[in-house]
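Here are a few exercises to work through with the model open beside you. Try each one before reading its solution.

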Amino acid sequence: DNGADIIWDNENWGPMVKNLSKSKTKCSLYFKEKLSIEICNKYGNDSASCYITKLGDSDYVNMFYDHASTNGVEVNNLRYVGLIPNNYIDIGDRDSNGEPILWRIIGVMNNITNLDDGGRQESLVKIIRAESIGDYSWDSSAETINNGWGINEWSEADIMKLLNPNTVYSGTPAIGGSLYWNRERGSCYSDLKETNKPCDFTSSGISDEAKNKIAKVRWNTGTFATDDYTQWTAKATYEAERGSHNGKEQCTSNGGGTYCNDEVLRTTTWDGYVGLMYPSDFGYAVGGSVRNTCLGKSMYNYNNGICNLNNWLYIENKHQWTLNPHPNSIEADRVLGVDFTGFIGGDDADVPRAIRPVGFLKSSTKITGGTGEIGSPFIATIDE
């Protein structure tokens with residue numbers, strides 16, 4: 001009754017209470033059935049969701065529940081954390097020489113709207129390419145639109161069209177879409193004012209076998225109401241991603257202008273196959289003894305040699321794009337990304353940054369071997 005937060009501390013194996021506002025507070029603690037039992041009963045003991053969740057029952061170093069919530073309701077996703085968790089997975093992706101192209105497991109995400117299964121809310125395994133597929137613009141635009149710096153709406157973004165099926169770039173010059181999805185070569189946007197460069201995914205694009213395991217889901221593309229970076233904790237960012245604010249509303253309310261003159265409708269959800277990591281995915285991936293300290297910080301302050309260096313999603317000296325827009329009062333082109341020093345910040349969509357495709361495994365996907373180490377990745381299979 002006093003706003004306190006209570007979480008289970010896996011390291012000390014007991015409840016941890018924060019933010020008590022008055023003395024002599026009484027707490028009642030109730031235990032419920034393990035989440036792994038619920039998930040395994042629903043998806044089967046050989047499903048990927050069950051397999052990874054059961055690993056979390058005994059791994060208190062590399063896996064943690066995030067205690068994230070939406071609209072005050074705890075969602076509690078299971079995530080791989082720390083610097084070197086064994087979370088590599090082989091989903092059947094192969095290069096031109098037949099060698100595996102590895103992905104890594106972000107975690108088991110709950111309440112995912114699975115559009116392959118009638119729009120049911122499910123617990124699905126979320127994965128990310130282990131390596132970047134190259135540095136490209138999140139979006140670019142003609143000089144007359146947002147000064148050529150792009151538009152921060154994911155459903156129309158150039159990079160979305162590169163990663164997903166049945167998409168065609170608009171703009172001048174016209175550039176073919178779906179190159180990554182179709183394993184084709186062509187041109188990709190790489191700077192402002194629709195600057196582009198040759199790109200070739202004939203070897204590094206997603207293979208047919210891998211595509212067969214990727215679910216079509218509803219992604220969250222919301223953001224914060226303001227650009228006050230002090231709010232950007234992993235928990236607050238998770239809620240903002242699932243909220244009602246978009247990357248242009250501040251710009252519009254302030255009269256628009258040279259950097260805010262696009263007429264693209266903003267949305268806060270998108271239905272598709274391949275996206276990018278959420279900013280909160282990066283925030284929650286921090287592990288080790290500094291985990292609780294870092295989760296209490298704004299992700300804008302993660303570049304402290306502590307939070308960034310205990311985070312497997314961080315790539316030293318490499319910028320990475322995320323999925324969600326950055327709210328700004330004078331620009332409608334800014335997107336949130338991971339800075340090369342390891343903090344979450346905003347940048348113009350036209351800037352070339354590392355692209356690491358992200359997807360959700362279908363609920364029928366199974367894990368049939370492997371330990372998760374890079375030399376022995378989990379093996380994902382699916383019944384035809």
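Contact here means heavy atoms within 4.5 Å. Keep in mind that this is a predicted model.

**Exercise 1.** Find Arg266 and work out whether the residue is buried or exposed, and what its side chain reaches.

*Solution.*
- Start with the location: Arg266 sits in the loop that runs between helix 7 (249-253) and strand 14 (269-272).
- Next, check accessibility. The relative accessible area of Arg266 is 12%, and buried means under 20%, so Arg266 counts as buried.
- Now list the neighbours. Skipping residues up to four places away in sequence, Arg266 touches Ile151, Asn152, Glu153, Asn246, Lys248 and Ala332.
- Finally, look at the polar side. The side chains of Arg266 and Asp262 are joined by a polar contact of 2.7 Å, and the Arg266 side chain also reaches the backbone oxygen of Ala332 at 3.2 Å.

**Exercise 2.** Which residues of helix 6 are buried, and how are they arranged around the axis?

*Solution.*
- Go along helix 6 (residues 234-241) and pick out the buried positions: Ala234, Thr237, Tyr238, Ala240 and Glu241.
- Look down the axis. These buried residues fall within an arc of 165 degrees, so they line one face of the helix.
- The spacing rule helps here: an α-helix has 3.6 residues a turn, so residues three or four places apart point the same way.
- Then ask what covers them. The cover includes strand 4 (69-70), strand 6 (78-80), strand 13 (217-220), helix 8 (279-284), helix 9 (291-295) and strand 15 (320-325).

**Exercise 3.** Place Asn310 and describe its surroundings.

*Solution.*
- Asn310 is in the loop between helix 9 and strand 15.
- With a relative accessible area of 25%, Asn310 is partly exposed.
- Beyond four places in sequence, its contacts are Gly82, Leu83, Ala285, Val286, Gly287 and Val290.
- Take Val290: although 20 residues separate it from Asn310 along the chain, their C-alpha atoms are 7.9 Å apart.
- For a polar partner, follow the Asn310 side chain to the backbone oxygen of Ile306, at 2.8 Å.

**Exercise 4.** Which residues touch the most other members of the largest nonpolar core, and which strand gives the most to it?

*Solution.*
- The core has 81 residues, and Ile89 and Trp154 touch the most other members.
- By element, strand 8 (residues 103-114) gives the most, with six residues.
- Strand 8 turns up again in the second largest pocket, where it supplies the largest share of the lining, five residues.
- That pocket has a volume of about 280 Å³.

Terms used:
Residues numbered from 1 in each chain as written. Predicted model: local features only at pLDDT ≥ 70, side-chain atom pairs only at ≥ 80, totals over all residues. Heavy atoms only, no water. Buried < 20%, exposed > 50% of the residue type's maximum accessible area, 1.4 Å probe, protein only. Helix = DSSP H or I, 4+ residues; strand = E, 2+ residues; numbered from the N terminus. Arc of directions from axis to C-beta. Polar contact = N/O pair within 3.5 Å; in protein donor to acceptor, adjacent residues only side chain to side chain. Core = buried A, V, L, I, M, F, W, Y, C linked by side-chain atoms within 4.5 Å. 1 Å grid on protein atoms, 1.4 Å probe; cavity = no way out; pocket = protein on both sides within 12 Å on 5 of 7 lines; lining within 4 Å. Points joined across faces, edges and corners; volume = space filled by probe spheres on them.
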